[in-house]
Amino acid sequence: MSESPSQVVRRIASLARLEVREDEAQALATQFERILGQFQVLAALDVSGVEEGASPIRPAEQRRADLPRPSLPVEQALANAPARVEDFYRVPKTVGGEE
Amino acid sequence: MRSYAELDALALREETVSGRRSAAQNVAECFARIEALDRELGVFLSTERARAEQRATELDAGRAHGESAGALFGVPIAFKSNFCLEGFESNCGSKILAGWRAPYTATVAQRLVDAGAIPVGMTNMDEFAMGSSSENSAFQLTRNPWARERTPGGSSSGSAVAVAAGMVPLAFGSDTGGSVRQPAALCGIHGFKPSWGRVSRYGLVAFGSSLDQISPFARSVRDLELAMQLISGRDECDATCMDLDALQPIVPDDEQSLAGVRIGVPREYLPASLPAEVAREVRAALAVLQRLGAEIREVSLPHTEYAIPCYYVVAMAEASSNLARYEGVRYGARVEGSGSLQSMFAATRGAGFGAEVKRRILLGTYVLSEGYHDEWYGRALKVRSLIARDFEQAFEEVDLVAGPTSPTPAFALGERSSDPVAMYLADALTVPANLAGLPAISTPCGFTSSAPRLPIGLQLIGPMRADARVLRVARAFEAATEHAQQRPPLATGAAR
């Protein structure tokens, strides 16, 4: 596996659904190398037997009752939609299209 | 009578409740000050004058009819632009959310409004809270009121300057890696990050969910305590919000005595590389704490040097996930792309996000991707445990940890904007408290002696849930010194 740094950026950008221009990809590739190079100190640390600390505390044990309640009215929820058709978000065709 | 800009929130509320002022007058003076200063300082992304005036009129009318006055009755407040307040523009400093008006209100904002506070507008910030200088805002720079060519810090830049410049006595930001404490230090005011889980995050736009915490700025510690009493506590809309007793200020017999308080100074927080002026003022602050009766000891937090890479790996990973929601379907800008759904997502995100946000989304996606997850994200979470363990061990010997908030005073705008790694280092002393979830304050502790005269902040970090202890020690320090009374040089005809 020998991807070039800018190939890595383009592959990751595709996973992140983020369009990057050619000049951006070049600049990002350089920055990736520099930033991840600095972060390599993590690799030198002995972490055997250490648990992963994903969050400072456990989420609360208590949960609220699972009861239906009013949610945002449709008009309010759709007020910021970039494009809508009736009570729906309008998006490009997804079935029978690409991929 | 002291002027609007001189009063802290408690004093302003007292004057308003006693009838020496009205809520409407407070709003008028607030906007006079904003008009006089904001063109130069770049604090607000949007103001809501008509709403604020209407709210003030309602409060004054209620008062005239004998309604009881809330704890923030008639006090103008401001929010960072990543808080949701129904009808206000919460654009997060990003083009992708330009014009987005929140359809609901954050729990914290609702509790403040219920206490009689008056939101006046939304403040500038680094895009999606990613930055330490305001330079990553898609819309404008915010300038340091102590020296206009310098940064006020970030990412809660506008909220910090709103308080430092006397536009509002109390403002709110979010602190993911120091985004409230660092600008508080650079602007000469107080900023407090509560224990993770003490304050509901419902209605705060998410960046790094295991790190984010809503945090207040104020010109007095007692205002921070008041704010914390109002915003703390369980919220059924945020399952990570702890069920804690209300945060009551500890009022000891002798408020200024710190007898019996053990304060640890991590040797890693005062390295030889620290600028002499910062080290000098922090050491002087420690001497003050000692004079008040505290015992000062050296401690060690041996994994401090790993905090920056650990923090950035974790924060970028969480950001890459949280920011997946901006795809041009439900809200914000949309760019159609080449006609397919996938190309619309990519084109929208490519056009809508700024350079730093893209960098972090991509690095975050990378450290979570197949083949790299264990090496980067998994390992960073283990290092996070080691950093938290360092604090636990230190807190077996001491009650609080103290050191500088920022390794440097305010740096020049433009100085670090082309070098992400240099910018990340601004957070070296603030990210450990976020990684461990600990309460921490930045409180003014001095100034540089070389020109320009710039504020320096002292950071106090407490054990998990010991928020009241951190605030109490900061209050004693504030009472024994005059740093927090210093005001930046502002030319305004509205300062009355």
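**Interface and aromatic pairs of chains A and B**

About 5,500 Å² is buried between chain A and chain B, 66% of it on carbon and sulfur atoms. The model is predicted. Three residues of chain A stand out in this area. A:Phe39, A:Leu42 and A:Asn80 supply 12% of what chain A buries against chain B, more than any other three residues. The contact draws on 55 residues from chain A and 70 residues from chain B.

Polar and charged links also cross the interface. Four salt bridges are counted between chain A and chain B. One of them joins A:Arg34 to B:Asp419. Their closest N and O atoms are 2.7 Å apart. Polar contact is found for 19 residue pairs across the interface, with both residues at pLDDT 80 or more.

Two helices of chain A can be named on the side that touches chain B. Helix H1 (5-15) and helix H2 (22-39) each supply at least two residues of that side. The largest share, nine residues, comes from H2(A). By class, the side of chain A that touches chain B holds 31 nonpolar, nine polar and 15 charged residues.

Aromatic rings were examined next. Over all chains, the count is 15 aromatic pairs. B:Phe79 and B:Phe172 form a stacked pair. Their ring centres lie 5.6 Å apart, with 25° between the planes. This pair links distant parts of chain B. B:Phe79 belongs to strand E2 (residues 76-80), and B:Phe172 to strand E4 (residues 170-174). The two residues are 93 residues apart. B:Phe79 counts as buried because its relative accessibility is 0%. B:Phe172 is buried as well, with a relative accessible area of 0%.

A second pair has another geometry. B:Tyr326 and B:Phe353 meet edge-to-face, at 6.4 Å centre to centre and 85° between the planes. This pair, too, links distant parts of the chain, its members being 27 residues apart. B:Tyr326 sits in the loop between helix H9 (307-322) and helix H10 (341-352) of chain B. B:Phe353 sits in the loop between H10 and helix H11 (355-368) of chain B. The relative accessible area of B:Tyr326 is 5%, so this residue is buried. B:Phe353, at 4% relative accessibility, also counts as buried.

Both residues of the edge-to-face pair belong to one aromatic cluster. The cluster is formed by B:Trp100, B:Phe128, B:Tyr326, B:Tyr331 and B:Phe353.

Notes:
Residues are numbered from 1 along each chain as its sequence is written. Chains are lettered from A and ligands numbered from 1 in the order in which they are written. This is a predicted model: local features need pLDDT of at least 70, side-chain atom pairs count only at pLDDT 80 or more; totals for chains, interfaces and linings use all residues. Side-chain values use heavy atoms; hydrogens and water are left out. Contact means heavy atoms within 4.5 Å. Buried area is the accessible area (1.4 Å probe) that two parts lose on being put together, summed over both. A salt bridge is a side-chain nitrogen of Lys or Arg within 4 Å of a carboxyl oxygen of Asp or Glu. A polar contact is a pair of N or O atoms within 3.5 Å; within protein, one must be able to donate a hydrogen and the other to accept it, and residues adjacent in sequence count only if both atoms are side-chain atoms. Helices (H or I, at least four residues) and strands (E, at least two) are DSSP runs, numbered from the N terminus. Ala, Val, Leu, Ile, Met, Phe, Trp, Tyr, Cys and Pro count as nonpolar, Asp, Glu, Lys and Arg as charged, and the others, Gly among them, as polar. Rings of Phe, Tyr and Trp (its six-membered ring) pair if their centres lie within 6.5 Å; planes under 30 degrees apart count as stacked, over 60 as edge-to-face and the rest as tilted. Buried means under 20% relative accessible area, exposed over 50%, partly exposed in between (1.4 Å probe, protein chains only).
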